[in-house]
Amino acid sequence: MSSPSFQESTARTVRGVVFRSPGQEVTVADITLAPPGPGEVEVAVTAAGVCHSDLHVIRGEWDHPTPVVMGHEGSGVVTALGAGVTGLEIGDHVVLSWVPSCGTCRFCLAGRPAACSLVAEVVAPRGVLYDGTSRLSVDGEPAHHYLGVSSFAERVVVPASGAIKVREDAPLDVIALVGCAIATGVGAVRNTAEVEAGATVAVIGCGGVGLSCVQGARLAKAGRIVAVDVVPEKLELARRLGATDAIDARDGDVVEALRALVPEGLDYVFDAIGKIETTEQSIAALGQGGAAVIVGLPPTGRTARFDPLALAEADQRILGSNYGSVDAARDIPALVDLVVSGELDVESMISARRPLDEAGDALADLAAGHALRQLLMMEDRT
């Protein structure tokens, strides 16, 4: 895959986490960061969340051009503006969005910015910004952006639509999670599924996204919220965040356990893991008219099986949910408001705050199932 062209201009040096090729460990390295181009902003990152989507790339489960500066969830402060940027000023507090929607493609114009075609066809797969070029360089060679963000770095350059201005009284480290886990999980409940009050809901997987689904279901006033996981501590936290029931998936067949709790089948089942077996469990546990919402993302090329006749006869649905179907400019500030008001508990979902140098250990702990959301805390030396 060809390397992106590097925008030649006065640049600064920052530290960031670089992944060079499958089979290699991530490293913390000096990165050359070009200033923002037209329609772009520079952000000093305060905190970056460590997510399973980062692991998919490092494990080679998703194809992505390398070298790449990792990270896609974070928050910080605007430090520079490119030409033509409006609505943002230096000093603004922002949450970074990994779908920096263009606002002009047919999906954006139809009110579906999470499906932005420029992001889906250029920014995400090619590891570049809107114009097909990179603002990143490592050892004198062009490097790639990850999902238009690359938040595992002291500073980033992103499209202006990927820096969402939020209220300044919100704790910047805590609201870093709003940029991915919270927006994805709560958005899946509110936007994708449109869960109604009194509905029965199950969430398979109680990591950062799954716990956000649990909280979204609580905010939607679901009548029953069943959390499923293999880690007792995560199930206990899910109860504190709103789950009415908990199932330890190690104890037997998950579908049978869900049917024992809700014999008629569930209205909504959220697969917040993305393994093939959890996707199949989500579909099998549905009741009449139910919807399985696929939120967690599997490795490339995997396929799941279901009975299409049973699905049709029961008037059921399988819904894909990318980034919680959010409109980032609308939803992220509203979610931050809920964090500040105490209606969304994000602090309980943060299992550790670690320096950037511990990024490799943080990813290893996440892969081993030892952690929820860990934050990499930046020390801006520039």
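**Note on salt bridges and the strand barrel**

1. R250 and D248 form a salt bridge in which the closest N and O atoms are 2.6 Å apart. The two partners differ in their surroundings: R250 is exposed, with a relative accessible area of 55%, whereas D248 is buried, with a relative accessible area of 15%. The cut-offs behind these words are over 50% for exposed and under 20% for buried. The reader should keep in mind that this is a predicted model.

2. Salt bridges that share partners also join R12, E42 and R155 into one network. The search that covers the whole structure finds 20 salt bridges.

3. Within that network, the side chains of E42 and R12 meet in a salt bridge, with an N to O distance of 3.1 Å. What does this pair tie together? E42 lies in strand β4 (residues 40-50) and R12 lies in strand β2 (residues 12-19), so the salt bridge ties together parts that are 30 residues apart in sequence. E42 is buried, at a relative accessible area of 3%. R12, by contrast, is partly exposed, at 28%; this value falls between the cut-offs of 20% and 50%, and therefore R12 is assigned to the intermediate class.

4. A further salt bridge joins the side chains of R15 and D357, at 2.2 Å from N to O. Which parts of the chain does this pair link? R15 belongs to strand β2, while D357 sits in the loop between β19 (350-355) and α11 (359-367), and the two residues are 342 residues apart. D357 counts as exposed because its relative accessibility is 53%, and the cut-off for exposed is over 50%.

5. Strand β2, which holds R15, is also part of a barrel. How many strands close into this barrel, and in what order? There are 5 strands, arranged in the order β2-β3-β9-β10-β5, and their pairing is mixed. One of the pairings involves strand β5 (residues 68-69) and strand β10 (residues 141-145), which run in the parallel sense and are paired over 2 bridges. At this pairing, V69 stands opposite H145 in β10.

6. The last point concerns an annotation taken from a record. An unreviewed UniProt entry places the feature "domain: Enoyl reductase (ER)" at residues 23-377. In the model, the end C-alpha atoms of residues 23-377 lie 26 Å apart. The composition of this span is 29% helix and 27% strand.

Methods:
Residues numbered from 1 in each chain as written. Predicted model: local features only at pLDDT ≥ 70, side-chain atom pairs only at ≥ 80, totals over all residues. Heavy atoms only, no water. Salt bridge = Lys/Arg side-chain N within 4 Å of Asp/Glu carboxyl O. Helix = DSSP H or I, 4+ residues; strand = E, 2+ residues; numbered from the N terminus. Buried < 20%, exposed > 50% of the residue type's maximum accessible area, 1.4 Å probe, protein only. Pairing = 2+ DSSP bridges. UniProt positions renumbered as here; feature names shortened; annotations may be inferred.
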